[in-house]
Amino acid sequence: MGITEVKVAEVKVAEEKVTEVEASEEELNNSSGILEERKQSIRLKSDADLCGGGIRCDSDSVSGAVSQRACVYCGARVVLNPITDAFHIVHGPIGCASYTWDIRGSLTSGDDIFRNSFSTDLREQDIIFGGAKKLEAAIEELAKTHHPKLIFVYATCIVGVIGDDVEAVCKQMSEKYDMLVIPVKSPGFSGNKATGYKMACNAIMQIITKYRDQPKVKGINILGDFNLAGEMWIIKNYMKKIGIHVCTTFTGDSSLETLKLAPSATLNVVQCAGSSVYLANRMEDEMGIPFIKVSFFGVEDTTSSLIRIAEALGDEEARLKAIKFCKEKTEEIEATIEMYKKNLIGKKAAIYVGGGFKAISLIKQFNALGIKSVVVGTQSGRKDEYEIIENIVDQDTVILDDANPAELEKYMKEKGVDILVAGVKERPLAYKLGIAFCDHNHERKHPLAGFEGVVNFVQEINESINNPVWQYVRNNKK
Ligand code: SF4
């Protein structure tokens, strides 16, 4: 072959390569940008073909989809963390401990040891020779220096791999120092965040089961509230106003002593169903305590929850008080809501929160403000919750489970969203897209529950959506 022929052949190969690249780019542009395996988890109400029927949820994340959902260990830690006098030892590399250190804005009226984090800081040598001795030493050190009553020991991914007998160490240390050392088997890879919730609920059951034979009192336990920015105190105050006794709370502003009172209650009310309905089910089966699901987000849900709690307790006096109390509170805040509503009618919101119940409350709150929820997703919503969501949103609302940032970005852009209500992990995404943001998760510093919460929420939504900064961002993009 002569030089000219070689050059022609090279050019042909190069041309073919260019065509290949162009074809794959075209393919990418034509595709929805959504992984095939994820399509079942995204439902557009008006277009059943997009997902082919009911939403896929309550299942493990698709590998490689880079879900926003946290790991099993994180799920367990966020539920147990607000127990104010508990010590948390994270048996694993230091990264696992720092990942969830003081993760919630839970307030306390007692101890504040829960705001610390302890780690066995496993290194290469421990991975090779085992980390049990290090764990033993960590518990001993805490026992001698702090005299704890309750320690949770979290087994993380690497412990699941090397197989340290965490249970045996905890048992041995419990007996030696006469304290509760509870193993939480939560390797990050062993399921999804909801698995972690179950592990936490099992740990709580381990504490309260031996007190199940105490006398009953007419009162409630509040499950699935973490006293973020003092929300539990607002709800407990409402209960006091309508004459309902609160036995204990899970886990916001709780302690070992208050948890022990839980079996005395006659009713469990479950606020965050995603994290606590498993505990409620176990308490119903093993202690005969029935439960109802409630929500204290928004005027409508707060009112109906207070009335339903009184009804479930069969307390007519409390029911009448609840009706009167809610009417007064609603009237008190009406003028403020109306004032802000003028600025918000016609705006579009995206919601991406942990559980389905919170999403449902948010959709209702936005409806009341004249804001349309055009994208709604949760990390761990269940089928029945998604059915309710589907029934209360418009035909063209995108509903997604266990989303990743790319999907959130795609649908927020497509729908022209004005504000994203989500957690701390989604905040940078909203800001990068020039979209207003409201934190409705762990780290917020003001309460969003109850009637006080409604005012805070509307104020924040108004300030965020109507902040002049978005105008500058949009102008800059042009
Ligand atoms: S438990 Fe596993 S997935 Fe979770 S933070 Fe630790 S290493 Fe990461």
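Tyr352 stands opposite Gly377 in strand 11, and that pair makes a handy way into this fold. Strand 10 (residues 348-353) and strand 11 (residues 372-378) pair in the parallel sense over six bridges; two strands count as paired if DSSP finds at least two bridges between them. Helices (H or I, at least four residues) and strands (E, at least two) are DSSP runs, numbered from the N terminus. Strand 10 is mostly covered, with five of its six residues buried. A residue is buried if 20 or more other C-beta atoms lie within 10 Å of its own, exposed if 12 or fewer, and partly exposed in between, with C-beta atoms placed from the backbone.

A word on the model before going further. This is a predicted model, in which local features need pLDDT of at least 70 and side-chain atom pairs count only at pLDDT 80 or more, while totals for chains, interfaces and linings use all residues. Residues are numbered from 1 along each chain as its sequence is written.

**The overall picture**

The protein has 19 helices and 14 strands. Its radius of gyration is 25 Å, close to the 23 Å that the globule rule gives for 478 residues, so the protein is as compact as a globular protein of that length. Here the radius of gyration is taken over C-alpha atoms, and the globule rule is 2.2 Å times the number of residues to the power 0.38. Along the principal axes, the C-alpha atoms fill a box of roughly 95 × 65 × 40 Å. Of the 478 residues, 48% count as buried. Among contacts between residues at least 6 apart in sequence, 72% join residues at least 24 apart; a contact requires C-beta atoms, placed from the backbone, within 7 Å.

An unreviewed UniProt entry annotates residues 71-465 as "domain: Nitrogenase/oxidoreductase component". UniProt positions are given in the numbering used here, feature names are shortened, and annotations may be inferred rather than shown by experiment. Over residues 71-465 the chain is 51% helix and 16% strand, with the end C-alpha atoms 32 Å apart.

**A four-stranded sheet**

Now for strand 4. An open sheet of four strands runs in the order 3-2-4-5, with parallel pairing. Strand 3 (118-119) and strand 5 stand at the edges, each with a single partner strand, so one side of each is left without a neighbour in the sheet. Strand 2 (residues 87-91) and strand 4 pair over five bridges, and His88 stands opposite Phe152 in strand 4. Strand 4 also pairs with strand 5 (residues 180-185), over six bridges, and there the bridge partner of Val153 is Pro183.

In a regular strand the side chains alternate between the two faces of the sheet. Both faces of strand 4 are covered: Leu150, Phe152 and Tyr154 are buried on one side, and Ile151, Val153 and Ala155 on the other. That fits the count for strand 4 (residues 150-155), where six of its six residues are buried.

**Around the ligand**

The residues around the ligand are Cys71, Tyr73, Cys74, Gly92, Cys96, Tyr99, Thr156, Cys157 and Gly188. To be listed, a residue needs its C-beta atom, placed from the backbone, within 6 Å of the molecule. Helix 2 (72-80) and helix 3 (94-99) are the elements that give two or more residues to this shell. The shell divides into six nonpolar, three polar and no charged residues. In this scheme Ala, Val, Leu, Ile, Met, Phe, Trp, Tyr, Cys and Pro count as nonpolar, Asp, Glu, Lys and Arg as charged, and the others, Gly among them, as polar.

**Backbone details**

Two residues other than glycine have a positive phi, and each is buried in a loop.

| Residue | Phi | Loop | Other C-beta atoms within 10 Å |
|---|---|---|---|
| Asn227 | near 55° | between strand 6 (220-225) and helix 9 (231-242) | 27 |
| Asp402 | near 50° | between strand 12 (398-401) and helix 16 (405-415) | 26 |

A cis peptide bond joins Phe250 and Thr251, with omega about -10°. Thr251 lies in strand 7 (residues 246-251).

**One helix residue**

Ala430 is found in helix 17 (residues 427-432). With 23 C-beta neighbours inside 10 Å, Ala430 counts as buried. Leaving aside its neighbours within four places in sequence, Ala430 is in contact with Leu420, Ile435 and Phe437. Leu320 is 110 residues from Ala430 in sequence and 43 Å from it in space, C-alpha to C-alpha.

Notes:
Two residues are in contact if their C-beta atoms, placed from the backbone, lie within 7 Å.
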